[in-house]
Amino acid sequence: MTYKAIIMDIDGTLVTKDQKIPPETLKTLKYVQSKGIRLVLASGRPINGMIHLSKELEMDKNHGLCVCFNGGKVVDVQTNEILFNQTMSLDTCKSILHHMKNFDVRPLIVKGEYSLVKDVYDSDVHVGGEAINIVRHESHDNNYKLMEVDDLEEAADCELNKILVIGEPEYLKEHYKEMYAPFVDICNAMFTAPFYYEYTDKGIDKVHALEESLVKLGITADECISFGDAQNDNTMIKWAKLGIAMGNAVQETKDVADEVTEAVWDEGIAVSLKKHLKDLFE
């Protein structure tokens, strides 16, 4: 089988908790790219949080693609050309932010070079029994400055690709249906981590973005390998000819995958590529 593209989620798939690409994975991805296989990063992150990884992988020299905002935007990182972009309407954005005032959550929106939140210091969530200021973590990983605003609904004065909602995992699990109910006909919503619940425009997911960009470049699903570890990766894992879940993936993602590889910290991507692209390594 000839593969032309490798599609990867970032957090928990390409990078470990310390935001590093494992060394053998980095070496392997550079090598297969040199053989003409296009690399695609597909994440809930904005482009600012992906560009440094794409450059480390040398995607900026090989027309690699970044699928941002869970499929809301696609960028060719060599030319900076936007291949696809779909936002929520301003009315929808304001309505979501207004509705979030009814819940014990902390919305975050991206505006220019800033992440906008109401209170930088009231942003702790508990992960593994440890309190983490997730807003500062999110901003740091995505290379955004932080800005506090009194009212996010009022501050939202442009269409957005995504609204990120942060909350305690158990609280989100209990209330996410109420949070989504008014918007089921006009937008998508999903968990991207136990403490992240995200809204995008209706019909937007990673597969839609791939079909709007990668397929138009002459690369079909039958020529793709995809890797992921979380719920928002499931559609692209099912879409690609070969969909692979990381060993550290959630069970729902493992269940829809064609196979399960090693965990990200055990070089899962490199292990699978050497197996399925073995002709390139002989």
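## A charged pair to start with

Are Asp9 and Lys206 buried or exposed? Both of them are buried, where buried means under 20% relative accessible area, exposed means over 50%, and partly exposed is in between (1.4 Å probe, protein chains only). Before going on, a word on the model: it is predicted, so local features need pLDDT of at least 70 and side-chain atom pairs count only at pLDDT 80 or more, while totals for chains, interfaces and linings use all residues. Residues are numbered from 1 along each chain as its sequence is written, and side-chain values use heavy atoms, with hydrogens and water left out.

## Salt bridges

Back to that pair. The side chains of Asp9 and Lys206 meet in a salt bridge at 3.4 Å, N to O; the rule asks for a side-chain nitrogen of Lys or Arg within 4 Å of a carboxyl oxygen of Asp or Glu. The two partners are 197 residues apart, with Asp9 in the loop between strand 1 (5–8) and helix 1 (23–34), and Lys206 in helix 7 (residues 206–213). Helices (H or I, at least four residues) and strands (E, at least two) are DSSP runs, numbered from the N terminus. Asp233 joins in as well, linked with Asp9 and Lys206 in a network of salt bridges. The count for the structure comes to 13 salt bridges.

Lys101 has two acidic partners to look at. One is Asp151, at 3.1 Å, N to O. Lys101 lies in the loop between helix 3 (90–99) and strand 6 (106–111), and Asp151 in the loop between strand 10 (145–148) and helix 5 (152–155), so this salt bridge ties together parts 50 residues apart in sequence. Lys101 is partly exposed, with a relative accessible area of 47%, and Asp151 is partly exposed too, at 25%. The other partner is Glu153, whose side chain meets Lys101 at 2.8 Å, N to O. Since Glu153 lies in helix 5 and Lys101 in the loop between helix 3 and strand 6, that pair ties together parts 52 residues apart in sequence.

## The sheet and its helices

There's an open sheet of eight strands with mixed pairing, in the order 5-4-3-2-1-14-15-16; two strands pair if DSSP finds at least two bridges between them. Strand 5 (81–85) and strand 16 (259–260) stand at the edges with a single partner strand each, so one side of each has no neighbour in the sheet. Strand 4 (residues 73–76) and strand 5 run antiparallel and are joined by four bridges, with Val75 standing opposite Ile82 in strand 5.

Helix 7, home of Lys206, lies across strands 1, 2 (38–42), 3 (65–68), 4 and 5, running at about 130 degrees to strand 5. Helix 10 (residues 268–276) lies across strands 1, 14 (224–228), 15 (242–245) and 16, at about 155 degrees to strand 14. Axes here are lines fitted to C-alpha atoms, for helices over the stretch in contact, and angles run from 0 to 180 degrees between N-to-C directions.

## Nonpolar cores

The largest nonpolar core has 30 residues. A core is a set of buried Ala, Val, Leu, Ile, Met, Phe, Trp, Tyr and Cys residues joined through side-chain atoms within 4.5 Å. Among the residues with the most contacts inside this one are Ile6, Met8, Leu14 and Phe227. At least two residues each come from strand 1, helix 1, strand 2, strand 3, strand 14, strand 15 and helix 10, and helix 1 gives the most, with three.

Take Met8: leaving aside neighbours within four places in sequence, its contacts (heavy atoms within 4.5 Å) include Leu14, Leu29, Leu41, Phe227, Met236 and Ile269. A second, separate core of 25 residues includes Val105, Ala156, Phe183 and Ala189.

## Aromatic pairs

A search of the whole structure turns up seven aromatic pairs. Rings of Phe, Tyr and Trp (its six-membered ring) pair if their centres lie within 6.5 Å; planes under 30 degrees apart count as stacked, over 60 as edge-to-face and the rest as tilted. Phe195 and Tyr196 are edge-to-face, at 4.8 Å centre to centre and 75 degrees between the planes, and both residues are buried.

Tyr197 and Tyr199 also pair edge-to-face, at 5.6 Å and 85 degrees. Tyr197 counts as buried because its relative accessibility is 1%, and Tyr199 does so at 0%. Ring pairs link these two with Tyr176, Phe183 and Phe191 into a cluster.
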